[in-house]
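Please open the model in your viewer, with the sequence panel beside it, and follow the stops below in order.

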Amino acid sequence: MSNNKERLAAEISKDLKEIVQFEIKNENIGFLTITDVVVSSDHSYAKVFVSFFNNQEKNLEKLNRTKGFVRSALSKRLKTRRVPEIEFVLDNSFLNGLKVEQALEKEAEELKKNKKDE
């Protein structure tokens, strides 16, 4: 990723955190974390990965309903000619990590059991 894209992604992430926390008033989105922002090479699209404490699907829908407002608020903060289209995407990496961890623990228990049986 180029320096420009990284800098823009970091700036978008910082600004979005403030916008979601302080400016969105009509949606009760709950606690969310912006885990990553990926900006397209031409800076016209930004994929924003988010995770929620609970009600992930419902909160993602609520957040997506605010995309127009969020992009408008972002345009007032960014010092770029064009503000990228925002796409909020659910980040399931934490849940995927838990599944892998549980599978590894189960495998370790199976190995211990098999060793005792030998």
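What percentage of the 118 residues of the chain count as buried? Of these 118 residues, 31% count as buried, where buried stands for under 20% relative accessible area, exposed for over 50%, and partly exposed for what lies in between, with a 1.4 Å probe and protein chains only. The areas themselves come from the Shrake-Rupley method with a 1.4 Å probe, and for residues only the protein chains shown count as cover. This is a predicted model, in which local features need pLDDT of at least 70 and side-chain atom pairs count only at pLDDT 80 or more, while totals for chains, interfaces and linings use all residues. Residues are numbered from 1 along each chain as its sequence is written, and side-chain values use heavy atoms, with hydrogens and water left out.

**The whole chain**

Begin with a cartoon view of the chain, whose secondary structure comprises four helices and three strands, arranged along the sequence in the pattern α-β-β-α-α-β-α. Helices (H or I, at least four residues) and strands (E, at least two) are DSSP runs numbered from the N terminus. If you orient the view along the principal axes, the C-alpha atoms fill a box of roughly 70 × 35 × 15 Å. The radius of gyration of the chain is 19 Å, whereas a compact globule of 118 residues would have one near 13 Å; the radius is taken over C-alpha atoms, and the globule rule is 2.2 Å times the number of residues to the power 0.38.

**Helix α1 and Ala9**

Next, select Ala9, which lies in helix α1 (residues 3-23) and counts as buried at 6% relative accessibility. Add Ala46 to the selection: 37 residues separate Ala9 and Ala46 along the chain, yet their C-alpha atoms are separated by 7.8 Å.

**Salt bridges**

How many salt bridges does the structure hold? The structure holds four, a salt bridge being a side-chain nitrogen of Lys or Arg within 4 Å of a carboxyl oxygen of Asp or Glu. Side chains of opposite charge can pair when their charged atoms come close.

Show the side chains of Glu18 and Arg77, which form a salt bridge with their closest N and O atoms 2.6 Å apart. This pair links distant parts of the chain, with Glu18 in helix α1 and Arg77 in helix α3 (residues 67-77), 59 residues apart. Keep Arg77 selected and add Glu23, since these two side chains also meet in a salt bridge, at 2.4 Å from N to O; this pair again links distant parts, Arg77 in helix α3 and Glu23 in helix α1, 54 residues apart. Glu23 is partly exposed, with a relative accessible area of 29%.

Then move to Glu85 and Arg71, a salt bridge whose closest N and O atoms are 3.0 Å apart. Glu85 lies in strand β3 (residues 85-90) and Arg71 in helix α3, so the pair ties together parts that are 14 residues apart in sequence. Returning to the earlier selection, salt bridges that share partners join Glu18, Glu23 and Arg77 into one network.

**Helix α4 and its charged patch**

Finally, select Glu109, found in helix α4 (residues 93-117) and exposed, with a relative accessible area of 56%. Extend the selection to Glu101, Glu105, Glu107 and Glu110, which together with Glu109 gather in a patch of negative charge on the surface. Such patches are made of residues with over 30% relative accessible area and no salt bridge, like charges being joined within 9 Å and nonpolar side chains (Val, Leu, Ile, Met, Phe, Trp, Tyr) within 5 Å.

Conventions. Lys, Arg positive; Asp, Glu negative; His and termini not counted. Charge placed at Lys NZ, Arg CZ, Asp CG, Glu CD.
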